[in-house]
Amino acid sequence: MNMIKTALLGTAIAAVATTSAMADGHACAIDSGRISIIGNEFPAIQSVSALALECAAGAETASNLTADHQTLNVAGMTGNPAEYTSAIVANSSIVALINEDVIQPLDALVAEYGADIPPHQLITVDGNIMAVAFMANAQHLVYRKDVLEQAGLEVPTSYEEVLAAAEKIRADGIMENPVGGAYAAGWNLAQEFTNMYIGTGGSFFEPGTANVTINNAQGVEALEMMKALTAYMNPDYLTHDSNATSAEWEAGNVALMNMWGSRTGVLMDDEGSAPEVYENTAVGGPLTVGDSGTPATTLWWDGWTVAKNISDEEAATTFQALAHATSPALLNDETMSQAVWLMEGFEAQPVNEGVLASVAAGSTPYPMVPFQGLLHSALGDNIADFLQGNETAEQTLADIEAAYTAAATEQGFLQ
Amino acid sequence: MKHGSFFWFVLPSVILMILFIALPIVSVVTQSLYTQHEQVIVTVENCGPFGCTEAQSVDQEATQALRDAQPLGKFAGLDVYKDRNHLAITDVARAWENSDSFRGFWNTLMNLPFYGALSFTLTYTAIVTPMTILLGFAVAIAVNSVARSLRGPTIFFSLLPMIVTPLVGALILFWMVDARGILGTGLQWLANDPTLSVKASTPMMWIMLMVYGTWSSIPFAFIVYYAGLQTVNQDTLEAAMIDGASRWERIRYVVIPHLAPLTTFIALIQLMDNFRVFEPIISFQAQAHARSLSIAIFTDLGGETRLLSSAAATSVLTIVFVAILLSPVLVRTWRDFGTSK
């Protein structure tokens, strides 16, 4: 008798749970198929992945969230059946998956299971839906309110004003190296150049081709501005990636920097820094350079894809679980401030203001072209030579073009 | 040994060597001779949360046909070896013609990625290998003369740099030489220059990398020499003492000749290891100041678009250079082997 009671109670609870899920409008009880996610590792992606796996708890589930995801995702999706049924990517990293043809167009799945997904979340390439975006990111100004007040300065809106403010802060003896930035040789340095070059109004390639065109007046202007900024940075700037730059900020050594929106939460919380630092940390909009009017920053989205070499059942499981995980069901008090979410119901938090300002200012998205990654690598390998004063800006730009051209020829983009 | 039994005796190791050493090298060489097919590029409209933009994309269907026909890629022969990111034959030839001085030619050459990486790699190998052998020998002699009761702990202590994981060891040193670290501040005080920063100066960074390289491989030379010291003939040493040889003379005329074959062995291993210098550059975040051939391979494979052929070509060039470096030592070993028969 007791046993029957317990069993009945269990059924009742299950029924209540199902009803409430139904009431939410997002039935999520997938109990067959397989979902295996690979993606970068930061809080927003961890939340999405956790909810997707919870939703598909009845199916075969796995996730591999790591900073090295880019070196694993293509290899893990090339086999048949693919090891990963979904890769969480950004607008730079999706092109590698499209180039290798390892992700499938989602049009049929969206028609069948994704009626709730708002159109602005759908990433289309040549009319085919290739990914579903769930968050936005950008780099923008982060500044110390107290330091600017002490030096009697307005919040800068351009890099020219940043230079002037840095000079004043140094002259007043408040800080020796008031400017920060992720200028570590490699990916970070290339990203800073990409921002600055877009800000000068330059274009990376001849329209419609893979021929690089950065050795021009805008390229020189971008490099000169970067070099001018480094004069106000810690002399070790070429070893400072985003993590080290954030640490410098939390140590109270920096008053102005261009930083990722997704990292401002860490700078403004009460962990890892003194109250005078985190209480006075504020975010501004994107910075401009020169008079082109285009902000010197790039917009980024993070989104999920579905692998090509998997069964229809696995694709359906993966799609439904991730669609649920990036629906309003994800949003709660804990996840709300983790990112600038793209789904309905998102309420902007103070830490998100910079990214939203970057979007509002009409910033340019990071270019989604197949050969941008090759140029990024060439930039990361060569810019340090100029910043260290070993060669002229023109020579550095010529070196970058030559390194890119050799790589693009090998990859078949150039003949 | 009969030829038959010799064959069966070595067969397992021959099979393993072919499987795990020869075949991967063959595959790398093959890879380096092929490049990606011509990619058919089309202009498409991409849309997302930030609106629509015109962009280029690879026409998968058109490219797929080429890939299916020749899955290895397009045969390029030695083109990858000759391009600017490797041997840069045409750039070097042009620089040779256009430079009015050797210095100008040298600067152009060092600006090419492969030769820049090669110059650091060779300098590193040329300095770290002899330093390791000399200091390893000195440590071995010192430990060997320590009282027996203290020898165990001393050996353990001397082996520590090898026990510490290379990445961790390098990271600790990296933080210590930071401008705010204990060694960095110490150097500023010594040089009386408060703006001195090891991480910002190329020569200082090279010295740092070489000091770390020597520090981390001394234990290897030490332990090999220490084992060798245990086999030195005590009678000969005593005879030398009776003849009035000083400690230095005993080391010079008895110990060093006895350990000569070990020096060849250590030199071989260290030349190979040092030529493939990699971890210190990563841990010291020194890519802006020093690039080695291994770092070049790593960046080729670590980018958003993997450059497999380029990485394979650099690997083959590394193997060729290691073979050239080792050839004097190998020839010598071969000759010794021939005469002792």
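## Domains, chain contact and helix packing in a two-chain model

In chain B, the centres of domain 1 and domain 3, taken over C-alpha atoms, are separated by 47 Å. The model that gives this value is a predicted one, and the points below take up its domains, the contact of chain A with chain B, two helix pairs of chain A and two local backbone features. Between the chains, 51 residues of chain A and 42 residues of chain B take part in the contact, and strand β2 of chain B gives the most to the chain B side, with seven residues.

**Domains of the two chains**

- Chain B is assigned three domains, with domain 1 covering 35–75, domain 2 covering 77–111 and domain 3 covering 113–340.
- Chain A is assigned two domains, and each is written as two segments: domain 1 is 26–136 + 301–348, while domain 2 is 138–299 + 355–410.
- The centres of domain 1 of chain A and domain 2 of chain A, again taken over C-alpha atoms, lie 30 Å apart, and their contact draws 13 residues from domain 1 of chain A and 15 residues from domain 2 of chain A.
- On the side of domain 1 of chain A that touches domain 2 of chain A, helix α4 (residues 94–99) of chain A gives the most, with four residues, and the residues of that side divide into nine nonpolar, four polar and no charged.

**Where chain B touches chain A**

- From chain B, 42 residues enter the contact with chain A, which itself supplies 51 residues; the chain B elements that give two or more residues each are the strands β2 (41–48) and β3 (51–58) and the helices α14 (293–302) and α15 (308–340).
- The side of chain B that touches chain A holds 23 polar, 13 nonpolar and six charged residues.
- Strand β4 (residues 122–125) of chain A is joined to β2(B) by two bridges, and the two strands run antiparallel.
- In this pairing across the chains, T124(A) stands opposite C47(B), and V125(A) stands opposite N46(B).
- Within chain B, β2(B) is also joined to β3(B), by eight bridges and in antiparallel fashion, and these two strands form a hairpin with two residues between them.
- T43(B) of that hairpin stands opposite Q56(B) in β3(B).

**Helices α15 and α16 of chain A**

- The axes of helix α15 (residues 372–387) of chain A and helix α16 (residues 393–410) of chain A come within 9 Å and cross at roughly 150 degrees, and because this angle is over 145, α15(A) is roughly antiparallel to α16(A).
- The crossing in which α15(A) passes α16(A) is right-handed.
- Residues of α15(A) in this contact include L374(A), L375(A), A378(A), L379(A) and F386(A), and those of α16(A) include I400(A), A403(A), Y404(A), A407(A) and A408(A).
- Taken by class, the contact of α15(A) with α16(A) has 12 nonpolar, two polar and three charged residues, and D381(A), D385(A) and D399(A) are among the residues that take part.

**Helices α8 and α9 of chain A**

- Helix α8 (residues 187–199) of chain A and helix α9 (residues 217–230) of chain A have axes that come within 9 Å and cross at roughly 125 degrees, and α8(A) and α9(A) are therefore oblique to each other.
- This crossing of α8(A) and α9(A) is right-handed.
- From α8(A) the contact is made by E192(A), F193(A), M196(A) and Y197(A), and from α9(A) by Q218(A), G219(A), A222(A), M225(A) and M226(A).
- By class, the contact of α8(A) with α9(A) has six nonpolar, two polar and one charged residues.

**Local backbone features in loops**

- The peptide bond that leads from N80(A) to P81(A) is cis, with omega near 0 degrees, and P81(A) is placed in the loop between α3 (69–78) and β3 (86–90) of chain A.
- A88(B) has a positive phi of about 50 degrees although it is not a glycine, and A88(B) is found in the loop between α3 (79–82) and α4 (89–98) of chain B.

Definitions and conventions: Residues numbered from 1 in each chain as written. Chains lettered and ligands numbered in written order. Predicted model: local features only at pLDDT ≥ 70, side-chain atom pairs only at ≥ 80, totals over all residues. Domains from an automatic or database assignment. Contact = placed C-beta atoms within 7 Å. Nonpolar A, V, L, I, M, F, W, Y, C, P; charged D, E, K, R; others polar. Axes fitted to C-alpha atoms, helices over the stretch in contact; angles between N-to-C directions. Parallel < 35°, antiparallel > 145°, perpendicular 65-115°, else oblique. Left-handed = near helix turned anticlockwise from the far one by under 90°. Pairing = 2+ DSSP bridges.
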